[in-house]
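Colleague: I'd like to learn how to read a ligand site and a couple of backbone oddities. Can we walk through an example together?
Modeller: Sure, let's pull one up.

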Amino acid sequence: MCGIIGYVGARSAGEIIYRGLENLEYRGYDSAGVALVGEQLAIHKRAGEVADLTVPADETATCGIGHTRWSTHGPPTDINAHPHVDCAGEVAVVHNGIIENHEALRDALDGCEFVSETDTEVIPHLLEQEVHDGASLTDAVASVAQAIEGSYAFAVVHAGENAIVATREQSPLVLGRGEDGMFLASDIPAFLEHTREVAYLEDGQVATITADDIRLGGNASSTSPTYETVEWDADSAEKGGYEHYMRKEIHEQPQALRQTLSERIDLNRGTVAVDLDFPTGYLDSVEEVQFVAAGTSYYASRYGARLLEELADVRTSVTIASEYEFGGGRDPWRTLTVAVTQSGETTDTLEAINSAGQAGARTLAVTNVIGSSVTRSVDDTLFIKAGPEIGVAASKTFSSQVTTLGLLAVAIAHERDTLPRSQIRRLLGDLNGLPGAIQQVLDEEDAVRAVASEYLDMDAFFFIGRELGYPVALEGALKLKEIAYVHAEGFAAGELKHGPLALVTGRTPVIALLTNGAQPAATTHNVAEAQTRGAPAIGIVAEGRDVEHLDVEFTVPSSGLFEPLVGNVYLQLLAYHIANQLGRSIDKPRNLAKSVTVR
Ligand code: AGP
């Protein structure tokens, strides 16, 4: 979705902002633009890629704002691209989110000349009136924030003033303090190569950013933000020699999982620590753990929910976040509601978890991004610690989400005393072995690449699995659709014969999860049903398991209930290599965005 970057300091704002826009590309966008501050504002903007945008090399400005736009109101055109300006061209605004009352505001702004179809354009015109009436830019932004409705983040510059003023409401904005300037962005990777000292703007706060300071609030009572140092380094948000972020992130999974697990399991004592402040006895009394999530995070939640049922004997439900309002929240006061969201910014998931909290549920976020909106909405947060994920398609974060939910399931099982200690030790051993097991799968990449070339021109792919293999089948199909634009569906293996089998032909490979935790014996029969109808069969098979007549077999190292998760790495590699051989835009698939901040 849209991205914001701002810089004010001693260096060339044009260069820093342009680079920041490149770093924001992964969020998904269709237009880009910058506003640079001088006695007059210099605006450069256009539809298309950041690479299509030219910022003149002789720009001497040291203050400016930039934007990548993902269209909501009005198509991607040069005119609809941000920044938008007031009638005099003295105030420029970049904006993420949606101004819900923009039509009423537009009608009320009699006499202003609107040139775009965007909701955003009301903001510079509202600001122009405030500034005209003598308000400082900071006070003008505070006042306009009162007038607009919706979820938004916006940043403003004014001709002749080396300062940026910004505010937010349910849309992220991060501040950065560097040695030779101050930064503002919708996401840390935008300025991570310049500083790791960050502060998170809260809803309703107004930040005034100058070359050597950032102040929060109005002039009379301003305060300094509280900075923290992020662990991510610039290299982790770079491609590091890989052709695509996604391939790099697939290969980073062993390291990401070491991070997810670090300091959380004690193999000697057979204990797991997830650092959650639940009231004493809470986990014994909770009647249901309800997950709300979208996309890949929804599939990770289904995996986690099944682990909780199996290990901790807790009733669970998993609701697609955008469906939660239609009856998702029964008996909230007896429920722990868990929002699983990599970005922590998905609007559907935020709305679901907020309504669960308002209805009385205890709420927990499982997320990757420190300081993200979801962390402010919930009672507790469990970080998955996967490091930055730039590719739009989730890969390492899926593995870290499932692993984190596995840790949570074991912790709750321990608390509720539902498992013998020997089984807890075995589970912790399996979790601890995940980085090594995934590395073994990654070492098979050449074989997966060869299979990708062999099946490149098939009509469709069907992924099947049972129990823990079912969410992985759904995730495998999503990955292939998302990055290869190939028709793919995931099915519960037992459902194949209830309808989808009619689609099966010699040109529809069936990919089956045949590992422990995925009921391999029963699924093998479903594979045979498809093969009888001519379908090529690709098996993701538990080490040591003998499955006859498969056309392709990939072996999954022994990891108990986490074998479907390890097997998923084959599905990630398969999707990646099919997409790569088809020449797709892997890191930025068409029509998709990394952080989905609209309903
Ligand atoms: C996965 O590859 C997708 N990019 C998408 O399904 C994603 O998981 C979904 O939009 C939810 O995002 P979140 O985890 O940031 O909430």
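**Reading the ligand site**

Modeller: Start with where the shell comes from: domain 2 (243-432) and domain 3 (441-586) each give at least three residues to the shell around the ligand. Keep in mind that this is a predicted model.

Colleague: Which helices supply at least two residues of that shell each?
Modeller: Look along the secondary structure elements for repeat contributors. Here they include helix 8 (295-312) and helix 15 (469-484).

Colleague: And how do the shell residues divide into nonpolar, polar and charged?
Modeller: Sort them by residue type. You get six nonpolar, seven polar and two charged.

Colleague: Which residues come nearest to the ligand?
Modeller: Rank the neighbours by distance. There are 15 residues around the ligand, and Ser297, Thr341, Gln342, Ser343 and Thr346 come nearest.

Colleague: What should I look at for polar contacts?
Modeller: Check N and O pairs, and keep side chain and backbone apart. The side chain of Ser297 has an N or O atom 2.5 Å from a ligand oxygen. With Gln342 the partner is a polar backbone atom, 2.7 Å from an oxygen of the ligand. Val392 also uses a polar backbone atom, this time 2.9 Å from a ligand nitrogen. As for cover, the ligand taken alone exposes 410 Å², and the protein buries 90% of that.

Colleague: Which pocket does the ligand take up?
Modeller: Compare the ligand's space with the pockets of the protein. The space it takes is the largest pocket.

Colleague: Now the backbone. Where is there a cis peptide bond?
Modeller: Read omega for each peptide bond. From His82 to Pro83 the bond is cis, with omega near 5°. You'll find Pro83 in the loop that runs between strand 4 (63-69) and strand 5 (84-85).

Colleague: Which residue has a positive phi although it is not a glycine?
Modeller: Scan phi, leaving the glycines aside. Lys385 shows a positive phi of about 55°. Its place is the loop between strand 21 (380-383) and helix 11 (396-416).

Conventions. Residues are numbered from 1 along each chain as its sequence is written. This is a predicted model: local features need pLDDT of at least 70, side-chain atom pairs count only at pLDDT 80 or more; totals for chains, interfaces and linings use all residues. Side-chain values use heavy atoms; hydrogens and water are left out. A residue is near a molecule or strand if one of its heavy atoms lies within 4 Å of it. A polar contact is a pair of N or O atoms within 3.5 Å; within protein, one must be able to donate a hydrogen and the other to accept it, and residues adjacent in sequence count only if both atoms are side-chain atoms. Accessible areas come from the Shrake-Rupley method with a 1.4 Å probe; for residues, only the protein chains shown count as cover. On a 1 Å grid over the protein atoms alone, a cavity is a set of points where a 1.4 Å probe fits but cannot get out, and a pocket is an open set with protein on both sides within 12 Å along at least five of seven lines; lining residues have an atom within 4 Å of a point. A molecule sits in a cavity or pocket if more than half of its atoms lie within 2 Å of its grid points. Helices (H or I, at least four residues) and strands (E, at least two) are DSSP runs, numbered from the N terminus. Ala, Val, Leu, Ile, Met, Phe, Trp, Tyr, Cys and Pro count as nonpolar, Asp, Glu, Lys and Arg as charged, and the others, Gly among them, as polar. Domain bounds come from an automatic or database domain assignment.
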